[in-house]
Each structure stands twice: as structure tokens, then as C-alpha cells.
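Thanks for making the time this morning. I would like to walk through one structure with you, starting from a single residue and working outwards to the whole chain.

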Amino acid sequence: MQPIIVRHASPSDAELIANLSRQTFYETYVSYNTKEDMDKFMNDQFTKEALMKEVGTPGNIFLLAYADNEVKGYARMRESKTPFALGDINAIEIARIYARTNVIGKGIGSALMQKCIEVAKENKKEIIWLGVWPKNQLALNFYIKWGFEKFAIQNFVLGNDVQQDWLMKKLL
């Protein structure tokens, strides 16, 4: 694989990001959830149209990772309401960070995480935080390797299934 290049996305990347978002989310979680819950989530909350609207919306930062002249992964950072457990600290969320299944373990996630940290520091953030489903052991191990630590739990509704995500933070 050629060197990984991470760039900021623009509104013209909206369809690419929406398609990649849906593909990577589905591939990551389909084996852990019922078809009914996955279908409901994908068709009600995680629609292509809704995802496309996020790109270019103030408060969202999208990053695309390329290798071999094709997109291999993406990250979405967002200025969001800081979780109560973090207090009034200046923080930013990594709302999504995904690599295509066939390149997991090949540095795409690390390149995206490094860029997320750089962006957070450029924006004078003190903490970067995210939510992760603890059943996604691969992701959990990745975040721990990057120095994230659990600080709270929040609900995430996938279809009709109320799941609990760990909220994890990293001091910058």
C-alpha cells in the first residue's frame, strides 16, 4: 500500500462520505445486531441523505484517508455538547472514525487519529473524546493504545436496541 494521505473533506465529498459511512458502519456492526435493528437504524437514522447533510454543516470536520489513489477511511469530528462528566473543559468529539474492512490494521485508523489530534490541537482543544461500543474490542483496543481512557457511559439506540457506549477521553 502506498503512503496514507489524510485531507480535509469538502461539501463536494458528501456523497462519498455518506456511502463510506453506511458501508463501514454496516460491516462493523452487522454481525453483532439483528437484521431488524440494523435495517431500522440504516433506514431511519443513518440514511444517505442525513449523512450528506452533515458534510459542510458548521461544527463538523470530516477527514478522508487515501492510499493507492482511493479512499480507505474517514473521520468525523464535531463540536458538540461536552458530556457532563467532562465539565466545562474545551473539548471536541471524534464522532466517527472508520476504515474499510479490507485495510483494518494497515495504518489507516492511526493516520486518521493522528490527524484528529492535530486538528484538535490546532483548534486549542484540551480534550478529545469519543464513544465506543465495548463489544467492539478491536476499536476499544485501538483507542486504549492511543491513550484514551473511559470516563462515562451513555446510551446509543440501534434500531430498537438500547446499547451502552463507553465515553473515552484523551488529554491533549
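Aspartate 68 has a relative accessibility of 34%, so it counts as partly exposed, and its place is in the loop between strand 2 and strand 3. Please keep in mind, here and throughout, that this is a predicted model. What draws attention to aspartate 68 is its phi, which is near 55 degrees, a positive value in a residue other than glycine. As background, most residues other than glycine have a negative phi.

Lysine 124 also has a positive phi, near 60 degrees, and again this is a residue other than glycine. Lysine 124 sits in the loop between helix 4 and strand 5, just after the end of helix 4. Is lysine 124 buried or exposed? With 64% relative accessibility, lysine 124 counts as exposed, because the cut-off for that class is over 50%.

That brings us to helix 4 itself, which covers residues 108–122. Its 15 residues, at 1.5 Å a residue, should span 21 Å, and the C-alpha atoms at its two ends are indeed 21 Å apart, so the expected and the computed span agree. Many positions along helix 4 can be listed as buried, among them Ile108, Leu112, Met113, Cys116, Ile117 and Val119, and the list also includes Lys115.

Let me move on to helix 2, residues 35–45, where Asp37, Met38, Phe41 and Met42 are buried. Viewed down the helix axis, these buried residues fall within an arc of 125 degrees, so they line one face of helix 2. On the other side of helix 2, Lys35, Glu36, Asn43 and Asp44 are exposed. What do the buried residues of helix 2 pack against? Their partners are helix 1, which is residues 14–29, together with strand 6, residues 149–158, and strand 7.

Strand 7 runs over residues 161–171, and glutamine 163 is part of it. Glutamine 163 has a relative accessibility of 5%, and therefore counts as buried. Its side chain makes a polar contact of 2.6 Å with the side chain of asparagine 33, and there is also a polar contact of 3.0 Å between the side chains of glutamine 163 and aspartate 161. Leaving aside residues up to four places away in sequence, glutamine 163 touches Asn33, Trp133, Gln154, Asn155, Phe156 and Leu158.

A second buried polar residue to look at is asparagine 60, which has a relative accessible area of 18% and belongs to strand 2, residues 60–67. The side chains of asparagine 60 and arginine 76 are joined by a polar contact of 2.7 Å. With residues up to four places away in sequence again set aside, asparagine 60 touches Glu54, Arg76, Met77 and Arg78.

Finally, let us step back to the whole protein chain, which has five helices and seven strands, in the order β-α-α-α-β-β-β-α-β-α-β-β from the N terminus on. Its radius of gyration is 15 Å, close to the 16 Å given by the globule rule for 172 residues, so the chain is as compact as a globular protein of that length. Among contacts with a separation of 6 or more, 67% are between residues 24 or more positions apart. Of the 172 residues, 45% count as buried, and the chain exposes about 9000 Å², of which carbon and sulfur atoms supply 50%.

How values were computed
Residues are numbered from 1 along each chain as its sequence is written. This is a predicted model: local features need pLDDT of at least 70, side-chain atom pairs count only at pLDDT 80 or more; totals for chains, interfaces and linings use all residues. Side-chain values use heavy atoms; hydrogens and water are left out. Helices (H or I, at least four residues) and strands (E, at least two) are DSSP runs, numbered from the N terminus. The expected span of a helix is 1.5 Å times one less than its number of residues. Buried means under 20% relative accessible area, exposed over 50%, partly exposed in between (1.4 Å probe, protein chains only). A polar contact is a pair of N or O atoms within 3.5 Å; within protein, one must be able to donate a hydrogen and the other to accept it, and residues adjacent in sequence count only if both atoms are side-chain atoms. Contact means heavy atoms within 4.5 Å. The arc is that of the directions from the helix axis to the C-beta atoms. The radius of gyration is taken over C-alpha atoms; the globule rule is 2.2 Å times the number of residues to the power 0.38. Accessible areas come from the Shrake-Rupley method with a 1.4 Å probe; for residues, only the protein chains shown count as cover.
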